[in-house]
Amino acid sequence: MAASRTFRVLPGFGLSLGYTLAWLSLIVLIPLVAVFVKAGSLGLDHFLAAVSSPRVIASYKLTFGASLIAALINTFFGLMLAWALVRYSFPGKRLVDALVDLPFALPTAVAGIALTALYAKNGWVGKLLEPLGIQVAFTPLGVLVALVFIGLPFVVRTVQPILEDLDTEYEEAAVSLGANRWQAFRYVVFPTVLPALMTGFAMAFARAVGEYGSVIFIAGNIPMVSEITPLMIITKLEQYDYAGATAIAVVMLLISFVLLLVINGLQAWTAKRTGRER
Amino acid sequence: MSIQVKNIRKEFGSFTALKDVSLDFPTGELVALLGPSGCGKTTLLRIIAGLESADSGQVLLDGADASDTHVRERQVGFVFQHYALFRHMSVFDNVAFGMRMKPRRERPSESAIKAKVTELLKLVQLDWVADRFPSQLSGGQRQRIALARALAVEPRVLLLDEPFGALDAKVRKELRRWLRRLHDELHITSIFVTHDQEEALEVADRVVLMDHGKVEQVGTPEEVYRHPASPFVYGFLGSVNLFHGRVEGDAVHVGDDLLFRDKVAFGNGAEVFAFARPHELNIVIDPQETSGVAAKISRILAFGVTARIELDGLNGSTGQLFEVEITRDEVARLGLEEGQAVRLLPSRLRVFEREKAAIAEGSAPNWVI
Amino acid sequence: MSGAAAVLHGVGDQAGRFESKAATREPKLVKWAILGTSLTFFAIFLLLPLVAVFVEAFRKGWEVYISALIDADAISAIKLTLIAAAISVPLNLFFGVAAAWSITKFEFRGKHLLITLIDLPFSVSPVVSGLIYILVFGAQGWFGPWLAEHDLKVVFAVPGIVLATIFVTFPFVARELIPLMEAQGKDEEEAAVVLGAKGWQTFWYVTLPNVKWGLLYGVILCNARAMGEFGAVSVVSGHIRGMTNTMPLHVEILYNEYQFAAAFAVASLLALLALVTLVIKTWVEHQAGKANQLSEE
């Protein structure tokens, strides 16, 4: 009689999904659960004390403050760079386009020492800033520079395809209706790229909050001044304070999850606004 | 090979795609599954192919139950709506695919494959594109390659899902004739799905009309066109005029106008739908005439052999549009003008009781074309 | 979070499309201002650090450079990095293909949740990624006592480094393949099955050729991250020279010991790897773009 309900024309559903779930659980889910289990055994008082000591609080301020400013800088310049890459022809464009992804490909430790060498007092950039009384390396400003470096491609790469897909007709329509160039950008182009721009911003921010390798060299890691939150976890681990490290990790994980949800929401919005798959 | 489907049911979540469908497809015929989108025709085709499974019911191929036979073993040829040609393979490799996938024992030699592919490409008149890739072909060419690919495995039946759906009007027409001729040569049992009534009537030996997951009528093109079995079929095949009538004695009235007087099978006071094709309506200009439905000519289109007259209903049928086809000579003889008030008298009429047709009305809101 | 899938289509300079039309063209002055600002920003923040790596690496000449690379500890760090990548990349490749197949070719509940979970490692801080394995396999972790009993070492040993590397590179292949295979639908696979192809034949002859560029793209990004990962590996490695040091960790040690030239020498190898990755990536994009163009003509 009738075939069973699990009928499928293409083979391998059980195998591929089973393998996917097993590997995902083994590598990702179970270890992540370990963090929460460990934190749960901590007791609320101990937990709160660990995540709200003055030194840790100072690290939150630096991490989130610098990440926010870096993401804003990247949003502004990233949009500009994406615009230049899509709208203008210029010599070396292909090279620039390819190198935008450098922060994805360059190991963070390499970026970290390179930025430190550039911005140290005797470095190429540091030398120029020294007379102006600006110190970058080993200050919170250094943290900001590193976070700008690692966040830039996120904005460019989310905005660029949207700009590429944008039909010239929209701006022509705007102009034919009497808009000037700025109005056409402000009221026609900008609203179209806004969801992607915000997605790029959120991705750059999320990446910056968790970043470690490129920051620790240039930050100087002065307690209460230039210590980032991921470094606090390492510091606790080096003191064999596993409980304290886990507590801070829980805070960071929760923030990551929230950011992940925000980014997913923004991507859905982008897809809706532009009618393209994410 | 003959195909039978028995009591097929299929649901997608809360949507019932097929409600207890039973059909016979005799050997060697070319059958069209015709219906509006969402009527279940493609689902039925995919169930026959084995690409989808029915919730209950049976598919019999040559009398043998095939419900548990995997699509791979059913020996059906399936032509997908968007062709599904393998984009990274040349035309030759596409057509040869089915033969090359066979187990080593059954696989023909490379030279036999080459001969077969060449023969098939000749059959579809495209032997000169063997080395091209699907992206380098036109829509009509892709369609023919998809057909050649399906035929390469020597299927017992050929199933085509909207075979002309993605083509432009001119190519469509050519391919229609070509498919008919091809079928006359091969005589392989074939079923194709379409939503285009002209296509179904012109190409098929037999037409299956479907609506809302049910079969409405089965018959030759002439049968279904001349004798529609339900209001749905009437509305779906060709242009038709609809009158909302009421039975009074032995007559059908529309508002106060008398539409038709003859033996009517329905009881006094029954609400009915009455259908007449555009050529089955006569225009009467005599102001003394009292029978017929009053209407006003809104437009006369007289550029063909026959003239098309568009009318707005008056009195009881106000707000309705009618269409009449008469010869241009007749237009001249009657001296018809736009804006003129006339009466419409049917020479032939099909009457359905309204309650039984209630479902059909919802499905075809634009009956009167 | 690479957003790279989006770049896979659309290759070639289309700027002419905008520059040739009055309505989509800015005044010259505005154009030069935008170009000047954005390229200056690009040069300072992206180009300069890259150049600095190579300049610093050769500051003390070829001899110091070479000797930094043939140092025994450097060699063992290079070896370990290659091993970690050689294990984690194929595993994640296999996982990515399986995940993409189940997600794009079948309907089931919780699909979106599954996709989100696969992406999870990208949003976790590298340091936390390392920490989780300490909590599972470390001395005080779930399996710590058991491992100690059987004289097995995971944390502060090679297995821990491999695990951390797998974690941080987990989504790369899957997230390139899923949108690609989703967009291609399953018509071609169904056609293959109707024509008599078996499961693996369908996958090998129909699915795989259609996604090969996306697959390669995911693999090279996965590899770059696997070789370059610092934070997560740093947590689980224990920094034992010649034993559990990968290249990025070796760079850190040299740098902290003020052997700047040596640190940059090793770093230059990693930078070279990054450049090669970008070259291959650009080439793959070009190929994928060509293939795309062909199938859309």
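So, to kick off: in chain A, what share of the contacts with a separation of 6 or more comes from residues 24 or more positions apart? For chain A, that share is 77%. One thing to keep in mind while you look at this: it's a predicted model.

Okay, let's stay with chain A and look at what it's built from. There are 13 helices in chain A, and zero strands. Go along the sequence and you just read helix after helix, α-α-α-α-α-α-α-α-α-α-α-α-α. As for dimensions, the C-alpha trace of chain A covers about 85 × 65 × 30 Å along its principal axes. Chain A has 278 residues, and 50% of them count as buried.

Now, how is chain A divided up? The domain assignment puts residues 13-42 in domain 1 and residues 43-274 in domain 2. Taken over C-alpha atoms, the centres of domain 1 and domain 2 of chain A are 29 Å apart. Where the two touch, domain 1 of chain A brings five residues to the contact, and domain 2 of chain A brings nine residues. And what's on the domain 1 side of that contact in chain A? You get four nonpolar residues, one charged and no polar.

Last stop, chain C. Here we do have a record: UniProt, in an unreviewed entry, lists residues 78-281 of chain C as "domain: ABC transmembrane type-1". In the model, that span of chain C is 79% helix and 0% strand. And if you take the C-alpha atoms at the two ends of residues 78-281 in chain C, they lie 23 Å apart.

That's what I've got, thanks.

Note on methods: Residues are numbered from 1 along each chain as its sequence is written. Chains are lettered from A and ligands numbered from 1 in the order in which they are written. This is a predicted model: local features need pLDDT of at least 70, side-chain atom pairs count only at pLDDT 80 or more; totals for chains, interfaces and linings use all residues. UniProt positions are given in the numbering used here, feature names are shortened, and annotations may be inferred rather than shown by experiment. Helices (H or I, at least four residues) and strands (E, at least two) are DSSP runs, numbered from the N terminus. A residue is buried if 20 or more other C-beta atoms lie within 10 Å of its own, exposed if 12 or fewer, and partly exposed in between; C-beta atoms are placed from the backbone. Two residues are in contact if their C-beta atoms, placed from the backbone, lie within 7 Å. Domain bounds come from an automatic or database domain assignment. Ala, Val, Leu, Ile, Met, Phe, Trp, Tyr, Cys and Pro count as nonpolar, Asp, Glu, Lys and Arg as charged, and the others, Gly among them, as polar.
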